[in-house]
Amino acid sequence: NKIHRITKKHSFSLPKSFLFFAMKMNKLFLFQWLLLLIFTKTSLIFSKPHKIPRLTPLIENILQDHSNTFSSSINDDLPKEFETYYYKQTLDHFNYGPKSYSTFKQRYIINSKYWGGSNSSSPIFAYLGAESSIDRDPLGIGFLTDFAPQFKALLVYMEHRYYGESSPFKTMEEAVKDEDTRGYFNSAQAIADYAELLLHIKEKYSAKNSPIIVIGGSYGGMLASWFRMKYPHIALGALASSAPILYFDNITPQNGYYSVVSRDFKEASKSCYHTIRKSWAIINKIASRKSGLSYLSRKFKTCSKLNDPFELKDYLDTMYSVAAQYNSPPSYPVTIVCGGIDGAPKGSHILDRILAGIVAYRGNSSCYNMNPHPSETGLGWRWQTCSEMVMPIGRGENDTMFFSAPFNLNNFIKDCKKKYSVSPRPHWITTYYGGKDIKLILQRFASNIIFSNGLRDPYSSAGVLQDISHSLQAVHTRNGSHCLDILSKKSTDPEWLTMQRNTEVKIIEGWITKYYADLKALQKGKMH
């Protein structure tokens, strides 16, 4: 009976012949053997490469990750006011060896439609590209174009090295495989690119005295805040939207991200939340049976047969997480998923309810691809997380609605070494940019940064949610989602979102007004 209870808890069964044999065995030996079996079984289910959820302002970039094609340029679809240029960028900003002086073409896009000119009090709004191409950014990141007329701003969109058309070494796939070339693929080199490029643009437009406001979302939001701290002589201020700068070095609890996802679902529907929570054990139990994976493959209409239950669970994990991360009005994806789960016919099996949630969110497809080939962005982000962007995101037993998947640094290091033959540097981000005791430290030297968040965004768990000083301000909304404030205005926007954007604009106006007052005073002083 004890053996039966233990095996049932861990979702696998033993044949009767074994149970008869077990009655004859030494109890201590049996217990040790059973623990080994459970450990092995659990390892098979959960011992998979650790996943750090994608950071991007645009959900379209996530959808690209789940397609089977690499991103392609859609610049031809941009309005004529967006002009594309290429800057001859330095490969290595921090070395003086011969290879460091190599160059590559970095793509950037300019919109001068609203530009008041260098002789006016007109700023430069610079969008810092993140872990994707900038193809969608000019139209998707509407904050710049929405408020450019008010500021008479020059708009600049800069592509992150190695992504899109700004790869120094052919394709992303080739670059991350090459042990020498991928060493230049890091955040410090990226923001140094932006610094050099912005100085070039100021010179090109004779805009010596035009202040620059850097804007970024998600990973790009982290870059924006770090840029302001590292290059205050270039950027007057930064708007860092949904920037989880505190998800490093165990500053934030591991389960912060998935706790917010779970809360979002529970607030939308308690029955939906409990259905999801119960589903993982059922998937494991069915998968452990003979032909169980074939059954699950048919049940969930997978495009190819499942190799193990983790593929299905990972697909569901991603779907729920993306729905919560981008849970924006007016559709609210979490409500859509739960609507499908709760709306299944009365008496439906739990897995039929889960499938109904997939159909509601993804559409009624002939099959669902649960093992997609990695996109260009996926390949790049994998390298970044295996080098410096080590975010210990995980969860334990019963602390979220998900199956247990704790972050284990030793296993993470082994996986990265196996893939790239180098170890991650889990403490480098906090060493280079800071993060620990952030209020104590930043209030003494940093200024002019807006940390904006929406509390329905799982990454808000590692965001700055309280003002650090009078010029390091946190602007957040209770119902906001990932980077919602920097996306384009819509007629359906709720009042709280409009107010959040207006607050951010007012803060930026204050920075610019003070800058020009200080500049005028300085120039008068020089004349005397």
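What share of the contacts in the protein with a separation of 6 or more comes from residues 24 or more positions apart? The share is 75%. This is a predicted model. The protein has 528 residues, and 55% of them count as buried. It contains 20 helices and eight strands.

**Nonpolar cores**

- The largest nonpolar core has 115 residues. Within this core, the residues with the most contacts are V214, W226, F227, F265, L316 and Y320.
- Helix α13, residues 309–325, supplies the largest share of this core, with nine residues.
- Another core lies apart from the largest one. This other core has 34 residues, including Y127, I134, Y157 and I508.
- Setting aside residues up to four places away in sequence, F265 touches C272, Y273, I276, Y320, A323, A324, V334, V337, C338 and M401.
- Y320 is therefore a partner of F265 and is also listed with F265 among the residues with the most contacts inside the largest core, where buried residues are joined through side-chain atoms within 4.5 Å.

**Helix α9**

- Helix α9 covers residues 219–230, twelve in number.
- At 1.5 Å a residue, α9 should span 16 Å. Its end C-alpha atoms are 16 Å apart, so the model agrees with the expected span.
- Eleven of the twelve residues of α9 are buried, so the helix is largely enclosed by the rest of the structure.
- The buried residues of α9 are Y219, G220, G221, M222, L223, A224, S225, W226, F227, R228 and M229.
- Two of these buried residues, W226 and F227, are also among those with the most contacts inside the largest nonpolar core.

**Cavities**

- The structure holds three cavities of 30 Å³ or more.
- The largest cavity contains about 40 Å³ of space.
- Its lining is formed by L55, T56, P57, N61, Y127, A130, E131, S132 and D137.
- That lining divides into four nonpolar, three polar and two charged residues.
- Y127 lines the largest cavity and also belongs to the core of 34 residues.

**Backbone features**

- P329 and P330 are joined by a cis peptide bond, with omega about 0°. P330 sits in the loop between α13 and α14, the latter being residues 333–342.
- K152 is not a glycine, yet its phi is positive, at about 55°. K152 lies in the loop between α6 (142–151) and β4 (154–158).
- N448 is another residue other than glycine with a positive phi, near 55°. N448 belongs to the loop between α19 (438–442) and β7 (449–454).
- N448 has 13% relative accessibility, so N448 counts as buried.

**Links between separate parts of the chain**

- L519 is part of helix α20, residues 495–527. Its relative accessible area is 15%, so L519 is buried.
- L519 and N209 are 310 residues apart in sequence, but their C-alpha atoms are 8.3 Å apart.
- K202 is part of helix α8, residues 187–204. K202 counts as buried because its relative accessibility is 15%.
- K202 and I124 lie 78 residues apart along the chain, with 8.8 Å between their C-alpha atoms.
- Leaving aside neighbours within four places in sequence, K202 contacts I124, A207, K208, S210 and I212.
- S304 is placed in the loop between α12 (292–299) and α13. Its relative accessible area is 42%, so S304 is partly exposed.
- S304 and N369 are 65 residues apart along the chain, and 7.4 Å separates their C-alpha atoms.
- A344 occupies the loop between α14 and α15, the latter being residues 350–362. At 11% relative accessibility, under the 20% limit, A344 counts as buried.
- The C-alpha atoms of A344 and G357 are 8.6 Å apart, with their positions 13 residues apart along the chain.
- Not counting neighbours within four places in sequence, A344 is in contact with R353 and A356.

Notes: Residues numbered from 1 in each chain as written. Predicted model: local features only at pLDDT ≥ 70, side-chain atom pairs only at ≥ 80, totals over all residues. Heavy atoms only, no water. 1 Å grid on protein atoms, 1.4 Å probe; cavity = no way out; pocket = protein on both sides within 12 Å on 5 of 7 lines; lining within 4 Å. Points joined across faces, edges and corners; volume = space filled by probe spheres on them. Nonpolar A, V, L, I, M, F, W, Y, C, P; charged D, E, K, R; others polar. Buried < 20%, exposed > 50% of the residue type's maximum accessible area, 1.4 Å probe, protein only. Helix = DSSP H or I, 4+ residues; strand = E, 2+ residues; numbered from the N terminus. Contact = heavy atoms within 4.5 Å. Expected span 1.5 Å × (residues − 1).
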